[in-house]
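Here are some short exercises to work through with the sequence and the 3D view side by side. Try each task yourself before you read its solution.

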Amino acid sequence: MGKITQENFEHTYVDPIELRQIDKFVCAEMGRQIHRYIKGMSGSKKIMEKFEEAISTFSVPEKEVAIARYIDLNRKAISGLDFEIVLARAIANYCDTYDYFLTMINDKEKMDFYLKRIKDKYIRFHKVIEHNGLFGIVDHEGKTIISPNYEFLRTCYTYVDDLVTMPIIAQKNGKLGLILPDRKDTVVADFIFDDIQLRDEYPYFEGWIGDKKVYLDESFYNQTLDKN
């Protein structure tokens, strides 16, 4: 028997049915964690229901992506989360007997494999980068989401309850605007604002030009996009 490694473990030592079922039960546990997090936030029941409704018809891989994206924008959702407990609960749901459960959780290579798999699927954090004094953003793979051409960036850590792509507050030539993290630096609100603030409800942004306040909703975005 060859040496067991993380690279060969899945194809050599894991039953594909077991793999699929563990993924399913882990996904359910991660969804439960998001549910608990949103439920614990003041006045957020509607948001929780919208998020759960949005992913209810998704396949497991689609839910994994949605939950990972949610966690990236709401990292407190997994603050203090013990992934070994998440995995143990998933294994308990999979196993038919207590003895089988003990066999699985005492298999160090298997536990290490699944723990790494969970983190690879759900911990996919973007990162702000700096180049020549200007800022951009890369995804968890290091691929550019926003080019480093901005004096300031603020990623909006808000609920992606309907899975929309939230704009990012950016500064250019001393003025603020909104851009999408779409790898194209698409501008959805021109760089004309002295301040942009995040709101708790739609429209999620309000901009200030001097003393004038403007709500940045879809109609405002469309006006900007039409000019580009």
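**Exercise 1. A hairpin and its next partner**

Find how many residues lie between β5 and β6 in their hairpin, and say which residue in the turn has a positive phi.

Solution. Keep in mind that this is a predicted model.
- Step 1: Look at the link between the strands. β5 and β6 form a hairpin with two residues between them.
- Step 2: Check the backbone of the turn. N173 has a positive phi of about 55° there.
- Step 3: Look at the pairing. Strand β5 (residues 168-172) and β6 run antiparallel and are joined by five bridges. One of the residues to find is K172, whose bridge partner in β6 is K175.
- Step 4: Move on to strand β7 (residues 187-193). β6 is joined to β7 by three bridges, again in an antiparallel arrangement. Here I179 has V187 of β7 as its bridge partner.

**Exercise 2. Enclosed or not?**

Decide why β6 can be called largely enclosed by the rest of the structure.

Solution.
- Step 1: Recall the cut-off: a residue is buried if its relative accessible area is under 20%.
- Step 2: Apply it to strand β6 (residues 175-179). Four of its five residues are buried, so the rest of the structure largely encloses this strand.

**Exercise 3. Two open sheets**

Work out the strand order of the open sheet that contains β1, and then of the one that contains β8.

Solution.
- Step 1: Trace the sheet with β1. Its three strands follow the order β1-β2-β3, with antiparallel pairing.
- Step 2: Find its edges. β1 (127-131) and β3 (144-150) each have a single partner strand, so one side of each has no neighbour in the sheet.
- Step 3: Note the twist. Neighbouring strands in this sheet are turned by 20° against each other on average, direction ignored.
- Step 4: Zoom in on one pair. β1 and strand β2 (residues 134-138) share five bridges, and H131 stands opposite L134 of β2.
- Step 5: Turn to the sheet with β8. Three strands are arranged as β8-β9-β10, and the pairing is antiparallel. Its edge strands are β8 (195-198) and β10 (212-216), each pairing on one side only. The average turn between neighbouring strands in this sheet is 25°, direction ignored.
- Step 6: Zoom in again. β8 and strand β9 (residues 205-209) are joined by four bridges, and D195 has W208 of β9 as its bridge partner.

**Exercise 4. Two helices side by side**

Describe how α5 and α6 pack, and which residues make the contact.

Solution.
- Step 1: Choose what to report. Packed helices are described by the angle between their axes and the distance between the axes.
- Step 2: Give both values. Helix α5 (residues 83-94) and helix α6 (residues 98-105) pack at about 145°, with axes 9 Å apart. The crossing is right-handed.
- Step 3: List the contact. α5 contributes A88, I91, A92 and Y94, while α6 contributes Y100, F101, M104 and I105.
- Step 4: Sort by class. There are eight nonpolar residues, no polar ones and no charged ones.

**Exercise 5. The nonpolar cores**

Which helix gives the most residues to the largest nonpolar core?

Solution.
- Step 1: Size up the core. It has 35 residues, of which I22, V26, M30, I34, L87, I91 and Y122 touch the most other members.
- Step 2: Compare the suppliers. α2 gives the most, with nine residues.
- Step 3: Find the other core. It lies apart, has 14 residues, and includes I169, V188, I196 and V214.

Methods. Residues are numbered from 1 along each chain as its sequence is written. This is a predicted model: local features need pLDDT of at least 70, side-chain atom pairs count only at pLDDT 80 or more; totals for chains, interfaces and linings use all residues. Side-chain values use heavy atoms; hydrogens and water are left out. Axes are lines fitted to C-alpha atoms, for helices over the stretch in contact, and angles run from 0 to 180 degrees between N-to-C directions. A crossing is left-handed if the near helix is turned anticlockwise from the far one by less than a right angle, and right-handed if clockwise. Contact means heavy atoms within 4.5 Å. Ala, Val, Leu, Ile, Met, Phe, Trp, Tyr, Cys and Pro count as nonpolar, Asp, Glu, Lys and Arg as charged, and the others, Gly among them, as polar. Two strands pair if DSSP finds at least two bridges between them. A nonpolar core is a set of buried Ala, Val, Leu, Ile, Met, Phe, Trp, Tyr and Cys residues joined through side-chain atoms within 4.5 Å. Buried means under 20% relative accessible area, exposed over 50%, partly exposed in between (1.4 Å probe, protein chains only).
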